Each structure stands twice: as C-alpha cells, then as structure tokens.
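Colleague: I should be grateful for a close look at a single part of this model, the surface patch and its setting, followed by the cysteines.

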Amino acid sequence: MPDQMRSYLDFEKPVAELDSKLDELRTLAASGSDIAEEIGRIEDKAAQAMADLYLNLTPWQKTLVARHPQRPHFNDFIKGLITEFTPLAGDRKFGEDEALVAGFGRFRGEAICVMGQEKGDSTESRIKHNFGMARPEGYRKCVRLMEMAERFGLPVLSLADSAGAYPGIGAEERGQAEAIARSTDACMALTVPNVAIITGEGMSGGAIAITTANKVLMLEHAIYSVISPEAASSILWRDGSKAQEAANNMKITAQDMLRFGVIDSILKEPVGGAHRDPAAMIATTGDAIAKAFDELRGLDGDAIRKHRRQKFLDIGRKLG
C-alpha cells in the first residue's frame, strides 16, 4: 500500500511505530547509507508484529477492521470480478437509491445479477451513496432485479456492507420495514441460486434483506449482527460509550456465525486485513463465489428453493 494511503487503527500503533522507523531508514538508504540489513530486520519485525496482532483480534477490534475506510467496497469487487456490469436504477414506484447498487453483468463469462451496498471512498461519494445505508426504494429496486433474474434464469450475487438500513423519517414513511421484508421474501422465493458475501459490516435487516441466500460467506474480519454495537450499548446500558463491551459480548464475528451455522464458510483475509491487499482479497472472493455456485449447479428450481429454506430453518433448530 502506498505510504500516503496508509492508515492505522488504534490497536495497530506498535506496527505504525515500526513502519515509521522503516520510512526513516529507507530515506537514509536512498541518500547512500548502507543499512539494508537493518531495514530487513525491522521489516521482518513489523510483519511479525502485524501477524501477531491479527491472530487474536477481539470482536471490537474486528468491528474496527470491518469498518476500515480503505477496505474494498462494492465497486471494487465489481471492477475486479464482474465484466460488462450494467447498473439499473429506480424501483418504478418512488425513485432511485444509490446506497444499494444493482445490475447485471458477467462473472467468469456467465450472466449474473449483482447487488450490494456501496459506502463510497471519498467525502463526495459517501454522501452520494448515503454511507451505504439504503432507503426503501433501494430494497424495492433489488426486488425488481431479483424478479428479472428469476424470469431469465440468472443466478444472483449479493455483497453486503452496511451499518444498517437508513433510519430517517422519510425512509420510515415510505415503508422501510415492509421493503426489507419483501426483499427478504424475494430472496427466499428465488428458484435460481443466490450467493451472498458479507464483506464488511452486515448490520440488521439492511443486510439480511439481500443475504438470505443458498450460500452465505463472510470475510474473516467482517461482522454480522441484528444491531450495531453502539445501538446495543444505548439500549442495554443507555450509554453509547459501552460499544466495545457490547461488541465483545454480542457474538458478531465470522467465527461466531460459522459456529452457529448462520454462514457457510469464512474467506481468509490478507495479514492485516482486506485493506492491506485488496487485489488478493477480491481474487480470493471470486474463487469462493465460483465454488459456491458450482456446488449449486445441477439443482432444479424446486431443489434450490428447498435448499435455501432448509438452511434457514436449520439455524433456528440448531440454536433452539
């Protein structure tokens, strides 16, 4: 990652200090100093420190990683995995919602329907996409595209990364809960295979609305929950400052979700998180998507729908 793009989380301070020292030594080396051996030693030390940090992250630390602004977003996955992507706009009832991007393209040569939240990567784009928090028209747009995919027999891919559905007055007035419910129902009704990837934050019904899929995968340091740690803290303790304590007790990590049977597999991230090597993470995700669809290949429509419904019924039975 270019020096000017490096960004460190609070718990990464030991690595930040080593990297700062490396920058100083490289500057000296560029001026003619023979310190290659010292640079190599500190590089190894920094790499080991990063590996040690990420070996046992707490749920709160994973939350911070999942929210990292440099983490690959929906548009990054689209550019890396989908060719001929054509986004469609509007729900044909109210308007367009740019927090949820949806359209059609080709994944490894095969036509596919793709949808997901885009958070944006600059101040301008974050405002444009409303920080990935969708309004009702976004979910209704997804329903419209899922119905099109069903009509033409195209598989559906969802990429979830959102702090939750937008809670504004206008969104509630236009039926936010109803739109999320109908989107979830549309996922369940598909007779074409659908695969969902939780790439960062998978918060509340805003994520479930597009991740009720035959196969649900999570990136290693992503989080998945019915409520954010901050909101849980406000409800449980009436104190939003206890978000860290809430996160550490909510069972929101990919490892928790796999143990409970909520997801099917975990995609390993590069050391230091997906934002340290986005290209590698996107390639890994592409391979996992291909494998997930291959496992569903050959099933007829009724079998695909039954497989999906059974998956979610089993979650309740196991947890019950």
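Modeller: Leucine 236 is part of helix H10, which spans residues 229–237; helices are DSSP runs of H or I with at least four residues, strands are runs of E with at least two, and both are numbered from the N terminus. Leucine 236 is classed as exposed because its relative accessibility is 59%, where exposed means over 50% relative accessible area, buried under 20%, and partly exposed in between (1.4 Å probe, protein chains only). Together with Ile235 and Trp237, Leu236 makes a nonpolar surface patch of about 330 Å². Such patches comprise residues with over 30% relative accessible area and no salt bridge (a side-chain nitrogen of Lys or Arg within 4 Å of a carboxyl oxygen of Asp or Glu), and nonpolar side chains are joined within 5 Å.

This is a predicted model, in which local features need pLDDT of at least 70, side-chain atom pairs count only at pLDDT 80 or more, and totals for chains, interfaces and linings use all residues. Residues are numbered from 1 along each chain as its sequence is written, and side-chain values use heavy atoms, without hydrogens and water.

An unreviewed UniProt entry annotates residues 41–295 as "domain: CoA carboxyltransferase C-terminal". That span is 47% helix and 20% strand, and its end C-alpha atoms lie 45 Å apart.

As for the cysteines, the structure holds zero disulfides (pairs of cysteine sulfur atoms within 2.5 Å). Cysteine 113 is in no disulfide, its nearest cysteine sulfur being that of cysteine 142, 7.9 Å away; this separation is too far for a bond. Cysteine 113 is buried, with a relative accessible area of 0%, and cysteine 142 is likewise buried at 0%.

Methods. Patches are made of residues with over 30% relative accessible area and no salt bridge: like charges are joined within 9 Å, nonpolar side chains (Val, Leu, Ile, Met, Phe, Trp, Tyr) within 5 Å. Accessible areas come from the Shrake-Rupley method with a 1.4 Å probe; for residues, only the protein chains shown count as cover. UniProt positions are given in the numbering used here, feature names are shortened, and annotations may be inferred rather than shown by experiment.
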